[in-house]
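The following exercises concern a model of two protein chains. Each task is followed by a solution in steps.

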Amino acid sequence: MPNIESQIFSSYQRNPLLHDEIFDQEGQVKAIYQKLFNLYGEHSIEDYIQLNNKAKSSFFNQGITFQVYGKKETQEKIFPFDLFPRIIDSQEWETIESGVIQRSRALNLFLSDLYHEKKIIKQGVVPLELISSSANYLHQMLGIDPPGGIYNHISGTDIIKHNDGNWYVLEDNIRCPSGVSYVICNRTALKRALFGVFNHYQTHTVTDYAENLLDLLETVKPHGVDQPNCIVITPGMYNSAFYEHSYLAKTMGVELVEGRDLFVENDFVYMKTIKGPQRVDIIYRRIDDLFLDPLEFREDSTLGVPGLFAAYKKGNVTLANAPGTGVADDKAVYTYMPEIIKYYLGEDPILSNVYTYHCSRPQELKYVLENVDKLVIKPVDEAGGYGISIGNKLTKKEINERKKQVKEDPRKYVAQPIMSLSVHPTYIDENHSFEQRHVDLRTFTILGKDKEFVLKGGLTRVALQKGNLIVNSSQGGGSKDTWVLKNQ
Amino acid sequence: MLSRVADNLFWMGRYIERSEHMARYLNVNYFSSLDAPNQISQSRQFVLKSIMFMAGEPESDAEQKLKEEEVLFRIGFDTKYPSSILNNVKNARENANSARDLISTELYEAINKFYHFVSSYSAEAFVKNGLHDFTTHVTEMTAILRGKIRGTLLHNEVYAIIMLGVNIERATQIIRIINAKYHDALKAQGSYGDKFSNSYEWSTLLKCAESYDMMRRFYKKTPTSISTLEFLILNPNCPRSVMNCLNQVYNNIKVLDPDYRYNRTSTAFLVGRVRAEFQYKYIEEIENDIQAFISDILDNLGEISKKMQREFFNY
């Protein structure tokens, strides 16, 4: 069967050193992609140019955009979307799903322990510095029992496929992970553009996320509340993820509020409506810990609600995620995840960690400084792909600067071997052709009281620049619709 | 519904309506002056001053010469001028943004498209030769928005709030337009064969309110000052009349506080009062002292808006 000769792939260049998700080492299309490949092959590249433009203007007109903060002005951009979907078969997905649930549950137990007895530290499994030196450890949370015992209600676990064909966890995001609305938009856009291809695959839906989120949040309602009133709180419409906040509120059918819409009286939270104050029981918050309550955290915060934390402490309101989860998703804790999972669940990790060197350990610091060119070095507490260096992309001068930075504040950095993220054919607009690009996958896990949910799909993020390994959207990444197939 | 969001939706309605009237006023006045029957009405300065008057900037110096491109730019695209069409549309969209979870995707998408149309239109092309194209698009797009508001939203509080904004703004703009054209009709009096009461300006006024054809159908006569004012102020069946707007405001405010309308401190009570007064007015008493009437009704509309602020939008 001719495959790579198909017109739209005629100029596709396959780098044999990379793990291509649709072509095997011999250049043959993998079985799971064969039907899709044939269907796409019926189109010409001109069709793609047209479809791609249509998809772009559809995103733009719907206002599915995010703000990029530049030096001079803020620009409105669409999140680049790729028309070629990624497929994950049901067996592979089962591993991923059980793996991310396992991590989320372990992290939840870890958080509960850190804010109560700290057994894991007392027994020497993880070092005390992990929390004593972490900016995200909130002493205010000590001894507090969140409703339903849940801290990380929503987790975004980033995973990659290495060139050994296995999945690895790159990082856990358990503060306010974003991106789920793009998963749903990508599906909608692909359905509009190429509805025919869906007839040939049994794909799990992704549109059930919001209803599951609301269901699971309602399982952790405050004690004594019958019909909880759930809301979403946003920093406001100038936030880069505002589209997502409004999307989630709309699809859950709940109010989208800002801090100034809420007030606290006698340790209960109310929102100001046209018919007077209305009680609020569950808050899905999309503002950071330190801005939640000016009385408790940053005094200058205008995004939060004075008195909110006191209401939380009394158990009168649920915050999802709980304050203080950030201590467990920084890159230093990440390296202890295998031990943490083993300690709380007595299980081996289902998904592997990427081996990580701690610059805080003298032995490992020495290795890192000698091998800057072979390692990815990351600050432990930065989000959004900032401050990362990739060894083989650095000049001599940059290597020396990097060494200096790490030496100055070793606790701030961890290092990992350069992982080879798998590649996926991606339509590149400038060149009007399909090319290999690196991808990762953000999964979304929701924990409720004795219940969990993993979105069957996820955000496949694409590094649009050739050879680039950083796939974050604030760094010019795109995304793909991701199909999880039903068991056939 | 959150008070803040209600406030934003109210203003979304107002800004949509405002941009429409500005655009149509520009269009109708500019093009009807081109072949106006008398010299005064045909002069460029007359039209430009009328446009500035309607925008709330009456001339301070009769000798002053306005520049066409400057006036058009100011009304259409000047970001420093708060009531430019561009700023109105920007504000409408910004308000819609903050209530995005409450309105339909269809309505949001229409507003978003509207904004992108206006913000990407070349201001240069507009002042040179795009006046007709641009203003026609703006008025058409606002009609689409009204259709989406009525056709895709639940007719509940959200809808009532938006319609309150639309109708209060419409009444306000119609009165401003009447005021401007009344002023023009007075100015145009000097020319030969053009008396105040059957001035050409009354037809222009009706066209500015998209009411010319229906007015002709209703009276079957050439518009005069009295019949035009009666139609645009008191006729309850004319969708742009002040009376009609007040009726709509009354119906919508009832949705918001059904039990409260007999309480004399409520907005609904005030609306009912203003409306009742209009129901028993006749046009001659209005025309007797039109200036007093105009400032009176504008005050009342402002008072209704302020009361709504206190009663519903307090956050």
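**Exercise 1. Identify the residues with the most contacts inside the largest nonpolar core, and state where this core lies.**

Solution. The model is a predicted one. Its largest nonpolar core has 222 residues. Those with the most contacts inside this core are A:Ile231, A:Ala415, B:Ala6, B:Leu9, B:Ile111 and B:Ile177. The element that gives the most to the core is helix H8 (residues 157-187) of chain B, with 16 residues. In chain A, both domain 1 (105-156 + 204-345) and domain 2 (355-417) give residues to the core, so the core lies between these domains. As a general background, nonpolar side chains in soluble globular proteins tend to be buried together.

One of the residues with the most contacts in the core, B:Ile177, may be followed further. Once its neighbours within four places in sequence are set aside, B:Ile177 is in contact with B:His21, B:Tyr25, B:Met54, B:Leu205, B:Cys208 and B:Ala209.

**Exercise 2. Describe how domain 1 and domain 2 of chain A are placed and which residues form their contact.**

Solution. Begin with the assignment, which gives domain 1 as 105-156 + 204-345 and domain 2 as 355-417. Taken over C-alpha atoms, the centres of the two domains of chain A are 31 Å apart. Eight residues from domain 1 and eight residues from domain 2 take part in the contact. On the domain 1 side, helix H10 (residues 331-334) of chain A supplies the largest share, three residues. By class, that side of domain 1 has three nonpolar, two polar and three charged residues.

**Exercise 3. Determine whether chain A is as compact as a globular protein of its length or less so.**

Solution. The secondary structure of chain A consists of 13 helices and 22 strands. For its 488 residues the globule rule gives 23 Å, and the radius of gyration of chain A is 23 Å, so chain A is as compact as a globular protein of that length. The C-alpha trace of chain A spans about 70 × 60 × 50 Å along its principal axes. Buried residues account for 46% of the chain. Among contacts in chain A with a separation of 6 or more, 70% join residues 24 or more positions apart.

**Exercise 4. Classify A:His204 as buried, partly exposed or exposed, and find what it touches.**

Solution. First, locate the residue: A:His204 is in the loop between helix H6 (180-193) and helix H7 (209-218) of chain A. Next, count its surroundings. A residue is buried at 20 or more other C-beta atoms within 10 Å and exposed at 12 or fewer; A:His204 has 16, so A:His204 is partly exposed. Not counting residues up to four places away in sequence, A:His204 touches A:Lys456, A:Gly457, A:Val484 and A:Lys486. The C-alpha atoms of A:His204 and A:Leu455 are separated by 9.3 Å, although these residues are 251 residues apart along the chain.

**Exercise 5. Analyse the side of chain B that touches chain A, and report the confidence of the model.**

Solution. The contact between the chains involves 17 residues of chain B and 16 residues of chain A. On the chain B side, two or more residues come from each of helix H1 (3-34), helix H5 (85-98) and helix H6 (105-120) of chain B. The largest share, four residues, comes from H6(B). By class, this side of chain B has seven nonpolar, four polar and six charged residues.

For confidence, the model scores ipTM 0.82 and pTM 0.86. Chain B has a mean pLDDT of 92, and 98% of its residues reach 70 or more. Among the elements of chain B, the lowest mean pLDDT (80) belongs to helix H2 (residues 39-42) and the highest (96) to helix H7 (residues 123-152).

Note on methods:
Residues numbered from 1 in each chain as written. Chains lettered and ligands numbered in written order. Contact = placed C-beta atoms within 7 Å. Nonpolar A, V, L, I, M, F, W, Y, C, P; charged D, E, K, R; others polar. pLDDT = per-residue confidence, 0-100. Rg over C-alpha atoms; globule rule 2.2 N^0.38 Å. Domains from an automatic or database assignment. Core = buried A, V, L, I, M, F, W, Y, C linked by C-beta atoms within 7 Å.
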